[in-house]
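Let us walk through this structure from the whole chain down to single residues. Keep the 3D view open and follow along.

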Amino acid sequence: MLNPKLLEQIFTAASIQRWNDYPRMVDLVELDKQAHKFIIAYLLAKIEGDIDMSVLIEVGIFEFLRRVVVTDIRPDVFRKILKSKESELNRWVLSKLEDSISDIEDGDFYHRFELFLKDSDQYKKERFILKAASYLSTKWEFSIIYQTSQFLNDIDEVKKEVEDEIEDYYELIGVRKISLNKKLSRFIDLSGRLRFQKRWAQTPRVPETSVLGHMLVVAIFSYFYSKKIDACKKRLENNFFTALFHDLPEALTRDIITPVKYSIAGMDDIISEYEIQKIEEDILPLIPYDFRDEFSYYLGIYGKGKKDEFLNKINLKEIKIVDTLNGYNEDRYNIIDGVALKACDKLAAFLEASISIYHGVKSRELLRGKEQILESIKKNKNINGVDFYSFAIKIDEYLSDSPQGSHGT
C-alpha cells in the first residue's frame, strides 16, 4: 500500500518550520498548514460545485509531496524558480521521491505525479482552488505572526502583500464569503486551532505533531488504502474527508487520550454525547446548508444521539451500519470504510510513537503506547485484503535498521 520511506518523508513535514525568519509565539509547521489547506479546499470546492473531489484530493497530495521535497526554499523564491526553472525543479523532485513512490499502484501513482509536474495546464480548476486554499491558510498563519512582529520595519509591507493577494481569488464564491468574516471564516478559525493541540500531550516526542497534522496523515493513509482496494470515486472521497475531519470536535472538547476515556466505565459515552451536542450547536451551523448533511456524515453522526466515524456505513436514503462492504463499491452506496479508517488512525499513532523512538526521544509511556497500538492493529489486521499489521511491522523494521534507530535517551 505504501513505502515506509514515503511515510517517513510525510512526517518530515511536522519538522518543517514556517515563518522561521519572524518571531513566533507558537511553532508553525508545514504539516499543519497543509492540513488546514485541505480543509479550506474542501469548503471552496463544495461551494463552487462541479469539482471532481477525487482529483482535488490527489492533486493536493501531489502538491504536498512536492512541498516536502522543496522544504528549504522560501515560498516567494519557490514561485520565482518555477517561472524560469520549473522543468529542472520538477525533475529534481521526482528524483528525490522515486524510491518512495515508484512501486505504489505498480507505478501508476508515480506516472500520474510525473504528468502533474510536467503539465501545469492539467486540472486547472482543482489547482486554482488549492492555490486559493493555500493562500487563505497562509493568511491565517500571518495573523499570528503579525502580533509578534509589529516592531519589524517591513512587517506592514508584508501585511499589505498578504491582504492584496486575496483579490486574485475573488472569482471563487467561497473566497468572497470567507472575506466577509462570517460563518465560514469562523469554521476556518475553529479548525485552525487544532494546530495548538499536541498529540501525546503527556510525553515528549520528536517531532511533536498536532491534532490538525494528525488528521491529514490519517487522510493520506486513507487515500492510499482506497487506491489499494480500487475504491470507487465517492468511496475514496468519503474515506479521505472522514479521516480529515475525524478529530475536528476536539477543537471544542480537546484531545482526550484513550486511557483517560476508558478509565471509568461509561466515560467514553459521556464524552461522545458531549461531542454530538457541540457538533450540532457549534460546528454544523457554520457549514453551508447544501452540504451540511454530508459533513455530518463525515463527522460520524448516523442517528439521533449516535456518533462513530469508525463504523462501516452505506448511505442511500438513510445511513446504515454494515458488517461488510462487499458488493457496495459503487458511488450510489456512498460508502465509508470506518473500520479501515480506524486502522489508518492507529497506524498514524504507531508512526508518531515509532518515529520519536527512532529519533531517540522515548519514555515508558511512549514505548508502552507503541506496543499497545501494535497489539490493537494485530487484532483486526487484515481489512479488505490490506494487512495493516504486516505493514506496521515493516515500518518498525525500516526504522530499526536505520543507524539512528539504536540511539536513545
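In this predicted model, a compact globule of 409 residues would have a radius of gyration near 22 Å. The protein chain has 21 Å, which agrees. Along the principal axes, its C-alpha atoms fill a box of roughly 55 × 55 × 45 Å. Of the 409 residues, 54% are buried. Now take the contacts with a separation of 6 or more. Residues 24 or more positions apart account for 70% of them. The chain holds 18 helices and seven strands.

Start with a helix. H3 covers residues 53-69, which makes 17 residues. At 1.5 Å a residue, H3 should span 24 Å. Its end C-alpha atoms are 25 Å apart, so expectation and model agree. How much of H3 is covered? H3 is mostly covered, with 17 of its 17 residues buried.

Step back to the loop between H2 and H3, where Asp50 has its place. Asp50 is not a glycine, yet its phi is positive, about 55°. Is Asp50 buried or exposed? Its relative accessibility is 69%, and the cut-off for exposed is over 50%, so Asp50 counts as exposed.

Next, the sheet. Three strands form an open sheet in the order S4-S3-S5, with antiparallel pairing. S4 and S5 stand at the edges, and each has a single partner strand. One side of each is therefore left without a neighbour in the sheet.

Look at S3, residues 312-315. S3 pairs with S4 (residues 319-321) in the antiparallel sense over three bridges. A hairpin of three residues joins S3 to S4. Across this pairing, Asn315 stands opposite Ile319 in S4. S3 also pairs with S5 (residues 336-337), again in the antiparallel sense, over two bridges. Here Asn312 stands opposite Asp337. Lys313 has Ile336 of S5 as its bridge partner.

Which way do the side chains go? In a regular strand they alternate between the two faces of the sheet. In S3, Asn312 and Ile314 point one way. Lys313 and Asn315 point the other way. All four residues named here are buried.

The loop between S4 and S5 contains Asn334. Its phi is near 55°, a positive value in a residue other than glycine. Is Asn334 buried or exposed? Its relative accessible area is 16%, and buried means under 20%, so Asn334 is buried.

Turn to the aromatic rings. A pair of aromatic rings is described by the distance of the centres and the angle of the planes. How many aromatic pairs does a search of the whole structure find? It finds 26. One of them joins Tyr42 and Tyr298, 6.1 Å centre to centre with 65° between the planes. That pair is edge-to-face. Tyr42 lies in helix H2 (residues 30-48), and Tyr298 in helix H15 (residues 292-298). The pair therefore ties together parts that are 256 residues apart in sequence. Both tyrosines, Tyr42 and Tyr298, are buried.

Compare Tyr223 and Phe224. Their ring centres are 4.9 Å apart. Their planes stand at 80°, and the cut-off for edge-to-face is over 60 degrees, so this pair is edge-to-face. Tyr223 and Phe224 are buried.

Tyr42 and Tyr298 also belong to one aromatic cluster. The other members are Phe38, Phe187, Phe240, Phe241, Phe245, Phe291 and Phe295. Select these residues together in the viewer.

A ring can also meet a charge. The charged end of Lys159 sits over the ring of Tyr146. It lies 5.5 Å from the ring centre.

One backbone detail remains. Where is Pro207 found? Pro207 is in the loop between helix H9 (183-192) and helix H10 (211-228). The peptide bond that joins Val206 and Pro207 is cis, with omega about -10°.

How values were computed:
Residues numbered from 1 in each chain as written. Heavy atoms only, no water. Expected span 1.5 Å × (residues − 1). Buried < 20%, exposed > 50% of the residue type's maximum accessible area, 1.4 Å probe, protein only. Pairing = 2+ DSSP bridges. Phe/Tyr/Trp six-rings, centres within 6.5 Å; stacked < 30°, edge-to-face > 60°. Lys NZ or Arg CZ within 6 Å of the ring centre and 35° of its normal. Rg over C-alpha atoms; globule rule 2.2 N^0.38 Å. Contact = heavy atoms within 4.5 Å.
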